[in-house]
Amino acid sequence: MKELFFSKDAGIKNIKQLKNDILSAIEEDSEVILNLSNQRRLDLSSVQVICSARIEAKQRKKIFKVSGMNNEIIKQFEICGYMKKGGEK
Amino acid sequence: MSESGIIEIFQNEAREILDNIENDLVVLEETKSSEVVNRLFRYYHTLKGSSGIAGFTSISEFTHSLESCLDLVRSGKISITEDLISILLQSTDWIRGTLFEGGIGEKYDTIKNDIFTRLEVIRSGEALPVSVVADKIRYYRIKAAFAENIFEFGIDPLIVMEDLFESGEVVENFVDRRKLSMLSKLDPEKCYFSWRVVVKTAKSIDKIKEVFLFVLDNNEIIIEDITSEYVENLDEKRGEKKLGDILVNKGIVTERELEDVLNEQQKENKKIGEIIVEKGFATPKDLNTALGIQDDIKKKIESNTVRVDTMKLDNLMNLLGEIVIGQASLNRISEALDEEQGYRLKNALYGLDRITREFQEQIMSIRMIPIGPTFDQFKRFVRDMSKQIGKDIRLDINGKDTELDKTVIERISDPLKHMIRNSIDHGIETSEERMNCGKDSQSVISLNAYHQEGSVFIEIKDDGRGLNYEKIRAKAIAKNIISKDDEVSEEKLKSFIFLPAFSTSDSVSDLSGRGVGMDVVKSNIDALRGTIEIDSIKGKGTTVRIKLPLTLAIIDGMLFRVGNSTYIVPLLSIVESIQPKKDDVKTIKGKGEVVLVRGEYVSLIRLYDFFSTSADHTNPWESLLIIVETNGERLALMIDDLIGQQQIVIKSLDSYITQSSAISGATILGDGSVALIIDIHGLMSGLKNEKVIE
Amino acid sequence: MDKDNKEKISLGEENQFVTFMIGSETYGVEVLKVKEILGMTEITHVPNSLSFMRGVINLRGAVVPVVDMRLKFQLQEKEYDTFTVIIIVEVRERLIGMIVDTVSDVASIPVSTIQNTPHFTSKIETDFIKGIGQIESLLVIILDVDKILNHEEFKKIEEDKTA
């Protein structure tokens, strides 16, 4: 299991790096947890990458989870249909 | 079925619908709820259809125009104003008139034309841009498909969507993520997501458009007002969601599959069932099972009731009365039999008695109907009256589900109306007066009903100025009921309100309100064997509390004999029976004959005198006294002998037969003779009135 | 007899009447108005009632008021005997009993013999009398049972019905 932190504020400017970090983590480990506790909010590009990572992990029969979300991020996930109200999906 | 039968059924149906319409109109004025608009629309629609079938074409046509007017309200083209509600309320009057009073002639034509003209004015005046009617709840469907390269412009669509979610309640949110690939193949600098959202909000469509102000160019943003369509389909949608749930519960489809289906459904306007079968999540057979379950659920909700003609219920009650009388005569026979056989018959009768009591309770429960509709009818009354006299009054209704005997409900309506009118007219101050004493400018009248101790209580409460005891006192002095120097308690003063002498008062309005017709109210309540009391706090308001018996037709009674006649007193009124000592009976000036009972002097009534018959004894200490009580006051009735207690079927006596308030009815005894039922409350108030008139 | 009178009386070609005696006079009521005829039965006195109201009786489970016709017509009271009967009539959907001295017969009276009420000098309220019929030499006073109670008393019935 690998827990991943993203040191900068995730956004379009560093989205490529975020993508590559997650991708290599998934390749290396069977279970990856992306800890968002140091993120205040996300932008659409990072949400897309997280969603896409989940598809990637599923295809490889691996596990990809996110943790440490604040309320604002939970709300953002809801808006993007990544989460339903009231919990992770 | 005969034609008159159809008409009658229609009239009954229409009466109910009209009541519902009136209610909902008043509710609509308050809440402006789109759900209520839809309900109203359906009512008008039903009324239109069935009046056509029953041959009331004029009503059918009339309702048609109301229906189309409602449609304009629904689509937001007409806003809900006081004016509109007034016209619609007036239109229900017209329909009533036409339906139940013939409604032909110039008067009705004039009213009809007037309604149409006023509707037309509203219609034409309101043909304003949609943004004006922004104070109502609307549903908007927003399709937002962002350009792939939107990030290059420094725009984050998520912020836009967050703004949209802030603009109201999101009732549907579908995110199309199909363009998104797996991470290894993803170009993360492009936008893949698009949305289809339904927002419920009071904001105007322009306000919604503002959210997308910076992304309107190059992106596909479509905003539609779908209020009418959405609300119409909502019921259906709910039904279908349930179908989905049933399928999941039955393990036919997984939740995940169901979600796919629901998403699919939002793109293509297909039935859920169709999509499920198309996708191969379930076989048509499974689907039918689920649909069957869904139908069953609906049926369970809808059809567990049967309409019964109330005449049939009354007949049933009468028949039960006959059974009770029959039982009483069997009981009599058992007395005459030899000991062993008498004992056996008595035992059998005891069992029968238990069943008849149970039977009676069951029938009574059928006759019980909730008071809700009676309360609801006052919504319009309060609205109309308060508008008319310019007071701002809200009607609060509680205990709608409290059930009362049908007859009681029918007879309680007028007294209630009377008391509400009193409150509005006199009890409640004008808005300015209220502001001056630091009260909320809107006053509240509340109606409440509840069961307690085997009785039903109905309360009418206002937060008005309360009773003005000084003025009641002054009035009582003017009416020669009390003299200037009399010390009279507030309790006593309140009781004057119910005197007929008081109600004929010429200037009631300066009597702080209550007065007109309260004696009529009281006699109505008395007729139902109920009691009425008033609580009042000066400046805070008045509460009128009515207590009514649960059942009307059968009571437990005590039979007793005076000379050759048998009389009955309700068992509930009896405290005890005593044989007085000679020294305990006195005559007190102004009070008449009294007897000392447990340290208290109680008025003595010589029943043989009262009924102008003869008695075995004329000396109270040789006779028996039964002590009865009502409203905390006691009387001693002088009788010859107690016979025993039994269930009594009350047969009412037409008022031309006797003017006496002391007789609440008659019953037929086991031996076939008729016995009169003494109403203690009526007896007491009769005595009081006599004293007052003296 | 002239046409106007005929309309006022509003009787058919030939009508059947229950005839009975009160004192020395013979009276009749339309047979259709009569529900049944009973022998004298126990009457329960009701306080505070109309002067001619004797009380109430049990008619197979229904409580029915009875009127003593002698009191109604302000004749001398007479003790009830084996001939005394109660004629139950229907008045505005309600039953009322009339106590009369004796019942005579059911007779057909040809319309042509019925005359409109002349202006009686009698004490009897003329409202209550529909006309005078004739069976051979016998004069029959035909009563309008709908008017057994006067206007005021009626209003009470109507009020009860709407209540």
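**Exercise 1. A sheet in chain C**

In what order do the strands of the open sheet of 6 strands in chain C lie?

*Solution.* A quick note before we start: what you are looking at is a predicted model.

Step 1. Go across the sheet strand by strand. The order is β8-β1-β2-β11-β10-β9 in chain C, and the pairing is mixed.

Step 2. Now look at the ends. β8 (102–110) and β9 (115–116) of chain C are the edge strands; each has a single partner strand, so one side of each has no neighbour in the sheet.

Step 3. Check one of those edges up close. β9(C) pairs with strand β10 (residues 129–135) of chain C in the antiparallel sense, over 2 bridges. Here C:Gln115 has C:Ile132 of β10(C) as its bridge partner.

**Exercise 2. A covered strand and its neighbours**

Take strand β7 (residues 94–100) of chain C and work out how many of its residues are buried, then describe the strands it pairs with.

*Solution.* Step 1. Start with burial. Of the 7 residues in β7(C), 6 are buried, so the strand is mostly covered.

Step 2. Find the parallel neighbour. Strand β5 (residues 62–68) of chain C runs parallel to β7(C), and 3 bridges join them. In this pair, C:Asp68 sits opposite C:Ile99 of β7(C).

Step 3. Find the antiparallel neighbour. Strand β6 (residues 85–91) of chain C is joined to β7(C) by 7 bridges, with C:Ile87 facing C:Met98 of β7(C).

Step 4. Look at the turn. The hairpin of β6(C) and β7(C) has 2 residues between the strands, and C:Arg92 there has a positive phi near 45°.

Step 5. Step back to chain C overall. It has 3 helices and 11 strands, laid out along the sequence as α-β-β-β-β-β-α-β-β-β-β-β-β-α. Buried residues account for 44% of the chain's 163 residues.

**Exercise 3. Two hairpins in a row**

Trace strands β15, β16 and β17 of chain B, and say what B:Arg598 is doing.

*Solution.* Step 1. Begin with β15 (residues 585–588) and β16 (residues 592–597) of chain B: they run antiparallel and share 4 bridges. B:Val585 stands across from B:Val595 in β16(B).

Step 2. Look between them. This hairpin has 3 residues between its strands, and B:Gly590 takes a positive phi near 85°.

Step 3. Carry on to β17 (residues 600–606) of chain B. Another antiparallel pairing turns up, with 4 bridges joining β16(B) to β17(B). B:Val595 appears again, with B:Val602 as its bridge partner in β17(B).

Step 4. Now for B:Arg598. The hairpin of β16(B) and β17(B) has 2 residues between the strands, and B:Arg598 takes a positive phi near 50°.

Step 5. Follow the side chain of B:Arg598. It makes a polar contact, at 2.7 Å, with the side chain of B:Glu576. B:Glu576 lies in strand β14 (residues 574–578) of chain B. Its relative accessibility is 15%, so B:Glu576 counts as buried.

**Exercise 4. A helix pair**

How do the axes of helices α12 and α13 of chain B cross?

*Solution.* Step 1. Get the geometry. The axes of α12 (residues 310–336) and α13 (residues 339–367) of chain B come within 10 Å and cross at roughly 165°.

Step 2. Classify the angle. Angles over 145 degrees count as roughly antiparallel, so α12(B) is roughly antiparallel to α13(B).

Step 3. Add the hand: α12(B) passes α13(B) in a left-handed crossing.

Step 4. Sort the residues of the contact. They divide into 13 nonpolar, 6 polar and 5 charged.

**Exercise 5. Positive phi in loops**

Which is exposed and which is partly exposed: A:Lys61 or C:Asn48?

*Solution.* Step 1. Recall the background. Most residues other than glycine have a negative phi.

Step 2. Check the angles. Phi is positive in A:Lys61, near 55°, and C:Asn48 likewise has a positive phi near 55°.

Step 3. Place each residue. A:Lys61 is in the loop between α2 (44–59) and β3 (63–67) of chain A. C:Asn48 is in the loop between β3 (34–39) and β4 (53–59) of chain C.

Step 4. Decide on exposure. With 77% relative accessibility, A:Lys61 counts as exposed. C:Asn48 has 47%, so it counts as partly exposed.

Definitions and conventions:
Residues are numbered from 1 along each chain as its sequence is written. Chains are lettered from A and ligands numbered from 1 in the order in which they are written. This is a predicted model: local features need pLDDT of at least 70, side-chain atom pairs count only at pLDDT 80 or more; totals for chains, interfaces and linings use all residues. Side-chain values use heavy atoms; hydrogens and water are left out. Axes are lines fitted to C-alpha atoms, for helices over the stretch in contact, and angles run from 0 to 180 degrees between N-to-C directions. Angles under 35 degrees count as roughly parallel, over 145 as roughly antiparallel, 65 to 115 as roughly perpendicular and the rest as oblique. A crossing is left-handed if the near helix is turned anticlockwise from the far one by less than a right angle, and right-handed if clockwise. Ala, Val, Leu, Ile, Met, Phe, Trp, Tyr, Cys and Pro count as nonpolar, Asp, Glu, Lys and Arg as charged, and the others, Gly among them, as polar. Two strands pair if DSSP finds at least two bridges between them. Buried means under 20% relative accessible area, exposed over 50%, partly exposed in between (1.4 Å probe, protein chains only). A polar contact is a pair of N or O atoms within 3.5 Å; within protein, one must be able to donate a hydrogen and the other to accept it, and residues adjacent in sequence count only if both atoms are side-chain atoms.
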